[in-house]
Amino acid sequence: MKEELQQKIDLKTKPQGALGKLEQLARQIGTVQNTLSPELTKPAIVVFAGDHGIAKSGVSAYPQEVTYQMVLNFLNEGAAINVFCRQHQINLLIADTGVNFNFKAHEKLIRAKVEKGTRNFLEEPAMNIHELENCLTQSEKIVNDLHAGGCNIIGFGEMGIGNTSAATMIMSNLCGLPIESCVGRGTALNDEQFAHKISILKQCELRHGRSKDPVAVLQTYGGFEIAHISGAMLAAYENNMLIMVDGFIATAAYLAALMINPLLQNNAIFCHLSDETGHRQLLKYLGAEPILNLNMRLGEGTGCAVAYPIIQSAVAFLNEMASFENAGVSTKEV
């Protein structure tokens, strides 16, 4: 199918390769769907939210209460992800995986709470194996339900004060890189706060040691929302869905999922390069080329939402652009 797709792309009324990254996307999407005429149906973004015990150790400039406050903002349609999803007609759902708050029922809220926040991994593993399995099971159901409703392209966002610290430890362990190469300023930490964050994470490494086992690393350092994203990506692959990968935290979740199932890379579309320090290094490790570089570092799945119309453009040119033969345009002289 790849060869047939490439031939279809090359015969469009343009110089070969002139649409650059759009041609790569069209070929990838057609290959995943095993068709010369791919389509995107009922796009969705799920924002997984959860609190982190490590936030109690002062690794964020914001208090933990911001997690539940931002979830309420999502439900009230006030956040950036709401704006972009409305703009591009993407179905947005919010999943409470472990927020330290009791939310009222809401049509956009998925109840997937494991506990009211992970444990502080400075002192003990963030979760036990049963909690991790709960994350993977619940996220699988969420994705299966969306797929059953006709969704074939999905992105995942996150919200959780302290989750750049969790993502840093996941990346450092699974990539075999020092913490200093992975850690960033997260919620705009000043120099003193940033130094404190690095010190805390190094203490965590001394306590738990290093591992390249994705399950063990998720259990030790992952937030409930990060573990849910890993499980959701694995489920999306099993349903042969296109997977839009957001920024630093979502890519760390992807890394863990990829080490569980390496075939995940076939369906993954990397949406943007986050301004969070470790993301460039992580994408380099993965050999991934993101669609956008807009100096964004918000999370929430915003990179997925902003990149989605470009993914649409890749499908549109493949399906609708004339060929040289159909247009009566002469091809390049040999």
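A salt bridge here is a side-chain nitrogen of Lys or Arg within 4 Å of a carboxyl oxygen of Asp or Glu. The model shown is predicted, and a search of the whole structure gives 8 salt bridges.

**View 1. Salt bridge between Glu23 and Lys14**. The closest N and O atoms of Glu23 and Lys14 are 2.8 Å apart. Both Glu23 and Lys14 are buried.

**View 2. Salt bridge between Arg86 and Glu77**. The closest N and O atoms of this pair lie 3.1 Å apart. Arg86 has 48% relative accessibility and so counts as partly exposed. Glu77 is also classed as partly exposed, because its relative accessibility is 35%.

**View 3. Salt bridge between Arg210 and Glu205**. Here the closest N and O atoms are separated by 2.1 Å. Arg210 counts as partly exposed because its relative accessibility is 41%. Glu205, at 22% relative accessibility, is therefore partly exposed as well.

**View 4. Surroundings of Cys151, a cysteine in no disulfide**. A disulfide requires two cysteine sulfur atoms within 2.5 Å, and by this rule the count is 0 disulfides. The cysteine sulfur nearest to that of Cys151 belongs to Cys85 and is 12 Å away. Cys151 has 3% relative accessibility and therefore counts as buried.

**View 5. Surroundings of Cys204, with Cys182 as the closest cysteine by sulfur position**. The sulfur of Cys204 is 14 Å from that of Cys182, which is too far for a bond. Cys204 counts as buried because its relative accessibility is 0%.

Note on methods
Residues numbered from 1 in each chain as written. Predicted model: local features only at pLDDT ≥ 70, side-chain atom pairs only at ≥ 80, totals over all residues. Heavy atoms only, no water. Buried < 20%, exposed > 50% of the residue type's maximum accessible area, 1.4 Å probe, protein only.
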